[in-house]
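I opened this notebook to record, step by step, what I looked up in a structure that was new to me. The entries go from the whole chain to single residues.

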Amino acid sequence: MRWISRYSGYWQLICTPGDEHMNMVTAGNIIKCLARSGLYEYIIVFLTVHREEAFIKSMLSFVSLDLLQEELKHKNMDEIVRMLDEHLR
């Protein structure tokens, strides 16, 4: 509650999909601010609420590819296939 009180403007943006003030710079600032406070769950909430923003879709796509590449480095193809299968159901 302290974070919400201190960052009420960010909180309103987190909770308002399609807000005209949301952009890549603001999104980055919100994510960094939440991370500094250890509020990682709210980063997921933020990304979910704003999942239709083009820059969020693009960022998540690149993050997914980065994670996939990291998994490939560990040669854990069975895990990759399992995750793909799970999300195609």
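Before counting charges I fixed the convention: Lys and Arg count as positive and Asp and Glu as negative, while His and the chain ends are not counted. With that settled, I found 10 positive and 12 negative side chains in the protein chain, and the centres of the two sets lie 7 Å apart. I also noted at once that this is a predicted model.

Entry on the fold. I looked up the secondary structure and found six helices and zero strands in the protein chain, so that the order of elements from the N terminus reads α-α-α-α-α-α. I then asked myself why the chain should be called more spread out than a compact globule. The radius of gyration is 16 Å, which is well over the 12 Å that the globule rule gives for 89 residues, and therefore the chain is more spread out than such a globule. Taken along the principal axes, the box filled by the C-alpha atoms is roughly 45 × 25 × 25 Å.

Entry on surface and contacts. I noted that buried residues make up 21% of the 89 residues in the chain, and that the accessible surface comes to about 7000 Å², with 59% of this surface belonging to carbon and sulfur atoms. Turning to contacts between residues at least 6 apart in sequence, I found that 43% of them join residues at least 24 apart.

Entry on L34. I located L34 in helix 3, which covers residues 24–36, and wondered whether this residue is buried or exposed. At 0% relative accessibility L34 counts as buried, because the cut-off for that word is under 20%. Leaving aside neighbours within four places in sequence, I listed its contacts as W3, I14, L39, Y42 and I43. I also checked L34 against Y10, 24 residues apart along the chain, and found their C-alpha atoms separated by 9.6 Å.

Entry on L65. For another leucine I went to L65, whose place is in helix 5, and found it partly exposed with a relative accessible area of 45%. From L65 to N76 I counted 11 residues in sequence, and the C-alpha atoms of the two are 15 Å apart in space.

Entry on salt bridges. Side chains of opposite charge can pair when their charged atoms come close. How many salt bridges does the structure hold? I found two. One of them joins the side chains of E52 and K57, at 3.3 Å from N to O; here E52 is exposed, with a relative accessible area of 58%, whereas K57 counts as partly exposed at 44%. Another joins E86 and R82, whose closest N and O atoms are 2.6 Å apart. Both of these residues lie in helix 6 (residues 77–87), four residues apart, which is about one turn of the helix. I noted E86 as partly exposed, with a relative accessible area of 43%, and R82 likewise as partly exposed, at 40%.

Entry on E53. I ended with E53, which I placed in the loop between helix 4 (40–49) and helix 5 (54–73). Which side chain of opposite charge is nearest to E53? It is K57, 9.5 Å away, and E53 is buried yet has no salt bridge. K57 is the residue I had already recorded in a salt bridge with E52. Not counting residues up to four places away in sequence, I found that E53 touches G18 and M22.

Key:
Residues are numbered from 1 along each chain as its sequence is written. This is a predicted model: local features need pLDDT of at least 70, side-chain atom pairs count only at pLDDT 80 or more; totals for chains, interfaces and linings use all residues. Side-chain values use heavy atoms; hydrogens and water are left out. Helices (H or I, at least four residues) and strands (E, at least two) are DSSP runs, numbered from the N terminus. The radius of gyration is taken over C-alpha atoms; the globule rule is 2.2 Å times the number of residues to the power 0.38. Buried means under 20% relative accessible area, exposed over 50%, partly exposed in between (1.4 Å probe, protein chains only). Contact means heavy atoms within 4.5 Å. Accessible areas come from the Shrake-Rupley method with a 1.4 Å probe; for residues, only the protein chains shown count as cover. The place of a charge is taken as NZ of Lys, CZ of Arg, CG of Asp or CD of Glu. A salt bridge is a side-chain nitrogen of Lys or Arg within 4 Å of a carboxyl oxygen of Asp or Glu.
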